[in-house]
Amino acid sequence: MQTTADASSHYDVLVAGFGPAGAFAAGLLGAKDYRTLVVDRSTTVYDKPRAIAIDHEILRLFDNLGLAEKVLPYTAPFTASKHFGAKGQLIRQIDMVPEPYPLSYTPSMVFTQPPVEAAMRDHAASFPSVEIRLGTELVDFTQDNRQVSARIATAEGETATVTADWLIGCDGAWSTVRQHAGLALEDLVFDEPWLVVDVRAGESGLAKLPDTAAQFCDPARPTSFLICPGNHRRWEIMLLPGENPREMEKPENVWKLLAPWLTPEDGELWRAAAYRFHALVADRWREGRVFIAGDAAHQQPPFIGQGMCQGLRDVSNLVWKLDAVMRKGAPERLLDSYGTERKRHVTELTAKIKAIGETICIRDPEEAAKRDAKILAEGGGRPRVITRQEIVPPLSVGLLSQVETPARGTLFPQPMVVKDGKVLRMDKVAGTGWRLVIDGRGGPAPSGLVAGFAADRLTTVRLATTGETCDGETAITERDDVLAGWFDRHQVAAAIVRPDHYVFGTARDRASLDMLVGELGHALGCAA
């Protein structure tokens, strides 16, 4: 993977950091044949689990890159999470939406990070346009209105200067890129010490443990329990005032904390690490030709497992916009929508995660009893079931229609479709660029929209009835009425969908569709 190309080479994009966000960014750029340099001071994938949850949006993006089949062997469905109150009573349950799944993948999944991260790195390295230098870190950089000039250094102290049109900082919570770009972090006011414990459970241990994920909202010591792939089990345990985080990481103290569930004979202690769960977001995500993404741009508590997902959403959002500016004539102002969209989305989701965390972390027994009563009352006196998918918000600002149409900013569904006798995911048939998806059961005819902007930017996809053919369009016949149900639920006849699968806007008739197409053409600097 290490290369020895001329250090003075110029690149389209320099990516600092080769963790999940950096590897995904490099893969996205490589798939579009951009000359990309990735640097990371680590030489190998960290061999212990950190992130453990991904969702159907991320699996869909993996599939678009040809990565899903390499990742799926290391995943498993995220079991329902039962929340137990101060007296051990069930107070609510967090589950996932039922089948047929809206994006065709299991909506919530757990995974084993080391092999998944390795697959992402291997995928990025497979592209001839991507150069990877491990054991090398970005030290500092300067920029002007044409390029970024960065100084990089190896562990042996050798330095070199490289230039790139753009720099993406995916270099973690202590990001050098963020600091050198002068991008400050805003504190969303959450700071709690927790111990994260990973165990490879043996047969005796598995027999003792719950068969679903659990959140023990015990004011004496709030604790999360998660079921990971295979025999991997995780606990996230709140540390109490006066407890030394480094001391609590020691095996003898970890096993004392796990005593209600396991003994050392029941499994192997894989990892124990103390963290402070923070809620932070960068005030700005761009400075000229420099962007930040992933943990460099935000950190949130882990209570619904969205940390890594957020970082992959970041780079997915950014890379297609860079591509639009560099090759497709879009105005550079489009890149400002990256930070606008992602900051709002991260902030809104972090607020929800923070609220869940604050509820879990109540230490006062009386307040905990009031919490339990309130949560049960919200369910009409019974434990309420909510889905993880309703916790993740839509996009609400940025490159969206200025008219607040139904479903604007939400993820567009991906049904299973029937094509030539085969059942495939819709993206395999319709592609992943800008799409105009029309309800062929009676929606507006697309004739006339293929001129100008729409001809080379907008793929027309028609939901067809069985046996129907549509000249000049991609016709799809779905298996489970996911898309038909979506059109009916939102009472729309057409949708314009972005390359990252978010809905730009929807229309109920031909006139509103014409306006929507014209609005998009203006936003992208094209004539509709």
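Guide: A residue counts as buried when its relative accessible area is under 20%. Keep in mind that this model is predicted.

Visitor: What share of the 528 residues in the chain is buried?

Guide: Buried residues make up 55% of them. The chain still exposes about 21500 Å², and carbon and sulfur atoms supply 51% of that area.

Visitor: How many helices and strands does the chain have?

Guide: There are 16 helices and 27 strands. The radius of gyration is 24 Å, close to the 24 Å from the globule rule for 528 residues, so the chain is as compact as a globular protein of that length. Its C-alpha atoms fill a box of roughly 70 × 65 × 40 Å along the principal axes.

Visitor: Let us take one residue. Is S81 buried or exposed?

Guide: Apply the cut-off. S81 has a relative accessible area of 10%, which is under 20%, so S81 is buried. This residue sits in strand β5, residues 81-84. Beyond its neighbours within four places in sequence, S81 contacts R92, Q93, I94, A213, A214, Q215 and R388.

Visitor: Now the empty space. What volume does the second largest pocket have?

Guide: First the idea. Rolling a probe the size of a water molecule over the atoms shows where empty space is left. Here, the second largest pocket has a volume of about 740 Å³.

Visitor: Which residues lie nearest the centre of that pocket?

Guide: H56, P102, L103, Q389 and L411 do, out of 36 lining residues. Helix α15 gives the largest share of the lining, five residues. By class, the lining has 18 nonpolar, ten polar and eight charged residues.

Notes: Residues are numbered from 1 along each chain as its sequence is written. This is a predicted model: local features need pLDDT of at least 70, side-chain atom pairs count only at pLDDT 80 or more; totals for chains, interfaces and linings use all residues. Side-chain values use heavy atoms; hydrogens and water are left out. On a 1 Å grid over the protein atoms alone, a cavity is a set of points where a 1.4 Å probe fits but cannot get out, and a pocket is an open set with protein on both sides within 12 Å along at least five of seven lines; lining residues have an atom within 4 Å of a point. Grid points are joined across faces, edges and corners, and a volume is the space filled by probe spheres set on the points. Helices (H or I, at least four residues) and strands (E, at least two) are DSSP runs, numbered from the N terminus. Ala, Val, Leu, Ile, Met, Phe, Trp, Tyr, Cys and Pro count as nonpolar, Asp, Glu, Lys and Arg as charged, and the others, Gly among them, as polar. Buried means under 20% relative accessible area, exposed over 50%, partly exposed in between (1.4 Å probe, protein chains only). Contact means heavy atoms within 4.5 Å. The radius of gyration is taken over C-alpha atoms; the globule rule is 2.2 Å times the number of residues to the power 0.38. Accessible areas come from the Shrake-Rupley method with a 1.4 Å probe; for residues, only the protein chains shown count as cover.
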